[in-house]
Amino acid sequence: MAHAATAGRVPERGLDVYTQKVGMWVFLCSEVMFFAGLIGSYVVLRFGAADTWAVPNEVLNVPITAFNTFLLICSSVTMVKAFAAAQAGDQRGIKVYLLGTTLLGATFLGVQVYEYVELVLHQSWQGSHGFTPAAGLYGATFFTMTGFHGFHVLLGVICLAWATIRAWRGHWGADNTHGIEVLGLYWHFVDLVWIILFTIVYLI
Amino acid sequence: MATIVAEATGQAILHEEHEQSFLRKYIFSTDHKVIAIQFLIYTLFFLMIGGLLAMLMRYQIAWPARGELPLGGIFPESMVASGYILPEFYNALVTMHGSVMVFLAIMPMLVGVWANYLIPLQLGTHDMAFPRLNMLSFWAMVPAGILTLASFFVVGGAAGAGWTLYAPLSARPDLTGVGLGQILWLVALVFIGLSSILGSVNYITTTINMRAPGMTWMRMPLTIWSLFITAILALLAMPVLSAAGIMLIFDQTIGTSFFLPEGGGQPLLWQHLFWFFGHPEVYILILPAMGFTSEILSVGSRKPVFGYKAMVLALVSIAFLGFIVWGHHMFQSGMNPMLGLTFTVSTLFIAVPSAIKTFNWMGTMWRGNLQLHSAMLFAIGFVAMFAIGGLSGVFMASTPVDIYIHDTYFIVAHIHYVLFGGSLFALFGAIYFWYPKMFGRMMNETMGKIHFWLTFVFFNLVFFPMHGVGMVGMMRRIYDSTGYAHLQGIEDTNAIITWAAFGLFASGFLFAFNFFWSLKKGRKAGANPWNATTLEWQTPSPPKHGNWEEVPVVYHGPHEYSHPDVEDKDWLAQNERPDVVSPAAGSH
Ligand code: HEM
Ligand SMILES: [Cu+2]
């Protein structure tokens with residue numbers, strides 16, 4: 001079988017990007033379409049709704065979610081720092097920032113669970129007690145979109161926790177940054193989706 | 001996602017996994033070839049299930065008053081009572097026939113089997129980019145299959161709102177009498193979406209990043225091009241279906257009303273979401289078939305594919321246009337007529353690249369040295385049948401015509417000309433063609449040819465008359481058409497169709513017999529029984545774990561047949577060294 005170098009021609013072999021990163025980009029394209037499906041439906045339903053849409057502030061606790069949004073943005077920053085630390089081979093930095101990102105993500109989830117519990121148990125909706133997914137289109141879209149986002153955060157936190165454990169075992173380093181970078185891509189994506197959701201669900 | 005990360009952590013997949021246990025080798029294998037064969041067995045099984053459902057439907061259509069079906073013991077009394085298929089069961093039959101065929105048979109057979117098998121082999125890599133993800137994409141299909149089968153035996157029976165799952169029928173159990181069955185199918189659909197997305201990530205990444213040295217984009221076999229484009233379509237369309245399906249599950253289970261007008265929701269939103277997925281889906285179901293056909297026709301005509309670049313461009317433009325034509329399924333839905341017009345125009349546009357491909361296939365065969373083996377017969381059959389289906393598509397694309405034939409058997413004729421005459425013919429061709437590579441033995445040619453002719457004749461007997469029955473006005477999915485004044489006189493046609501359908505189903509068993517018989521008794525195939533040029537034929541049949549001792553280097557385009565500069569043979573393998581063959585041959 002022929003295996004010598006090509007006669008004078010440069011062999012083409014993919015992008016200059018490692019495979020896992022390409023894979024994550026490709027995967028995120030599909031995630032974009034998933035959220036586009038949910039958000040698109042929200043837009044159609046909201047603008048097609050006969051009666052006026054509820055004012056977010058009356059039902060949802062915007063300040064606490066604004067704080068939660070802040071947490072998630074911070075976690076993106078620590079994620080960037082974790083990657084930078086990995087590139088620099090700074091073992092302590094890797095541990096601290098990965099742990100920080102994990103904790104921030106977990107706190108976000110905790111706050112979201114708290115928010116859900118409060119809404120379901122204590123908020124009232126159109127005269128009846130409890131704001132649930134069955135509370136009109138408003139409740140349905142709210143819980144579906146934020147719920148699926150939360151599910152993505154959960155997956156991210158699990159991966160982050162696992163990456164953190166590996167950090168303690170000295171797994172990452174200047175010669176082994178790919179996992180952190182790829183996880184970071186996912187994490188930033190989840191963050192970005194949240195900023196969009198926060199804007200359209202809580203603010204406008 | 002976790003798996004991508006896992007594989008990114010440097011635990012590179014080693015190919016020297018020698019001495020694997022039985023479980024790792026055949027069941028939880030990460031070898032793309034084993035996964036492809038798992039998919040093949042899975043999909044052939046569901047092809048048979050889908051076929052059985054169709055036989056029951058045809059029985060009911062031809063002899064609605066006869067009864068006499070010995071199915072009492074199998075299905076509950078609420079489905080089949082004293083030999084009669086009850087209307088609810090008929091709904092389940094139409095729905096699950098379509099759903100099983102599209103999602104559990106044809107789609108995973110086109111993509112799950114052949115993308116897995118061919119992408120690494122034809123691109124010259126050891127395996128997929130993410131072998132574990134690949135394994136997961138097969139195993140996600142297993143719960144989907146189990147849920148689907150189970151749904152027939154739960155209270156209320158299997159889903160009955162049509163494969164298109166139109167709300168509110170699909171969202172309110174009280175309308176169809178189906179509760180759990182519908183939910184089970186929707187959950188299965190989410191698994192299928194997951195499988196298909198994971199698979200697509202793999203196929204796309206592998207194609208982008210792992211081609212063998214010298215395998216430039218324009219040297220990729222058309223099969224790879226079509227599977228690559230298909231994977232992009234699946235990657236972008238499946239998640240929308242998953243999102244929509246999940247909302248539908250919520251409507252069924254937790255009291256939301258996304259698609260229920262009484263709660264403020266919009267049934268039309270379902271249609272938009274479904275068809276936004278649905279039309280790309282039909283191209284998912286045909287593009288790989290077009291790829292196999294191009295390949296088989298070229299090998300079987302001993303000629304390069306006519307207009308390789310045009311073929312690639314046509315694929316790309318079909319993929320792009322495929323995303324903006326979904327409204328042609330909704331002309332009757334009450335959407336804005338202006339919108340209907342734009343969808344008509346965009347749909348007519350999509351016929352152009354389809355026609356380009358058809359003419360190029362004919363150009364490929366033109367004055368070729370045709371080798372009419374079974375694979376080739378099916379490929380030629382594909383071209384003919386796809387032309388008929390594509391042409392009926394053009395009729396339906398124009399709103400005024402479609403208003404008349406929408407939801408009639410004309411549509412049923414169309415979808416079967418493209419999906420059976422198209423996709424499945426090409427799949428049979430692909431199996432005859434690549435079987436020797438997969439199993440190291442040839443399938444029996446005599447049986448193959450008989451299988452082709454039986455299939456071809458019965459297929460046309462079944463589906464061509466449906467155009468006519470549809471024009472007369474026979475509604476699709478109708479339980480009993482004998483009571484309508486305007487449908488008097490088509491009973492005989494329907495009976496003939498049913499007899500032919502039984503024949504068509506029966507000829508499938510000849511194929512199945514050939515398939516299993518040849519595993520043991522087939523003639524031994526060498527590495528390259530068809531004298532083909534692409535890389536998979538330049539490695540032993542079946543290829544070993546890891547495919548290549550050393551990754552091949554590619555010097556030539558994919559379909560170099562009857563090359564004028566090559567003297568002793570009429571083909572030039574992609575990895576043949578130019579200096580070994582002749583200096584001029586490589587300069588393309
Ligand atoms: C030249 C290309 C094509 C054109 C112009 C075309 C056009 C159309 C139109 C306008 C409809 C809607 C008819 C109605 O419901 O009233 C339709 C339905 C359909 N087409 Fe095509 N089509 C083409 C190719 C294909 C291909 C390649 C496939 C699949 C392999 C396909 C599969 C289907 C299916 C499954 C339906 C029925 C969907 C349902 O259940 O309602 N078509 N086509
Ligand atoms: Cu369509």
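Helices here are DSSP runs of H or I with at least four residues, strands are E runs of at least two, and both are numbered from the N terminus. The model is a predicted one, so local features need pLDDT of at least 70 and side-chain atom pairs count only at pLDDT 80 or more, while totals for chains, interfaces and linings use all residues. Residues are numbered from 1 along each chain as its sequence is written, and chains are lettered from A and ligands numbered from 1 in the order in which they are written.

To start with ligand 1, its shell takes at least two residues from each of helix 13 (337-365), helix 14 (374-397) and helix 16 (409-439) of chain B. Helix 16 of chain B chips in the largest share, seven residues. In total, 24 residues surround the ligand (C-beta atom, placed from the backbone, within 6 Å of it), and B:V282, B:G393, B:M396, B:H406 and B:V418 are the closest. Sorted by class, the shell has twelve nonpolar, eleven polar and one charged residues; Ala, Val, Leu, Ile, Met, Phe, Trp, Tyr, Cys and Pro count as nonpolar, Asp, Glu, Lys and Arg as charged, and the others, Gly among them, as polar.

As for chain B overall, it has 19 helices and two strands. Its radius of gyration, taken over C-alpha atoms, is 24 Å, close to the 25 Å from the globule rule (2.2 Å times the number of residues to the power 0.38) for 588 residues, so chain B is as compact as a globular protein of that length. Of these residues, 58% count as buried (20 or more other C-beta atoms within 10 Å of their own, C-beta atoms being placed from the backbone).

Then there is the largest nonpolar core, a set of buried Ala, Val, Leu, Ile, Met, Phe, Trp, Tyr and Cys residues joined through C-beta atoms within 7 Å. This core has 239 residues, and B:I106, B:L227, B:L235, B:L285 and B:F378 have the most contacts inside it. Helix 4 (residues 87-123) of chain B gives the core its largest share, 25 residues. Domain 1 (28-284) and domain 2 (533-588) of chain B, with bounds from an automatic or database domain assignment, both contribute, so the core lies between them.

Finally, 50 residues of chain B are in contact (C-beta atoms, placed from the backbone, within 7 Å) with 43 residues of chain A. Helix 9 of chain B gives the most to the side touching chain A, nine residues. By class, that side of chain B has 29 nonpolar, 15 polar and six charged residues.

Terms used
A residue is buried if 20 or more other C-beta atoms lie within 10 Å of its own, exposed if 12 or fewer, and partly exposed in between; C-beta atoms are placed from the backbone. Two residues are in contact if their C-beta atoms, placed from the backbone, lie within 7 Å.
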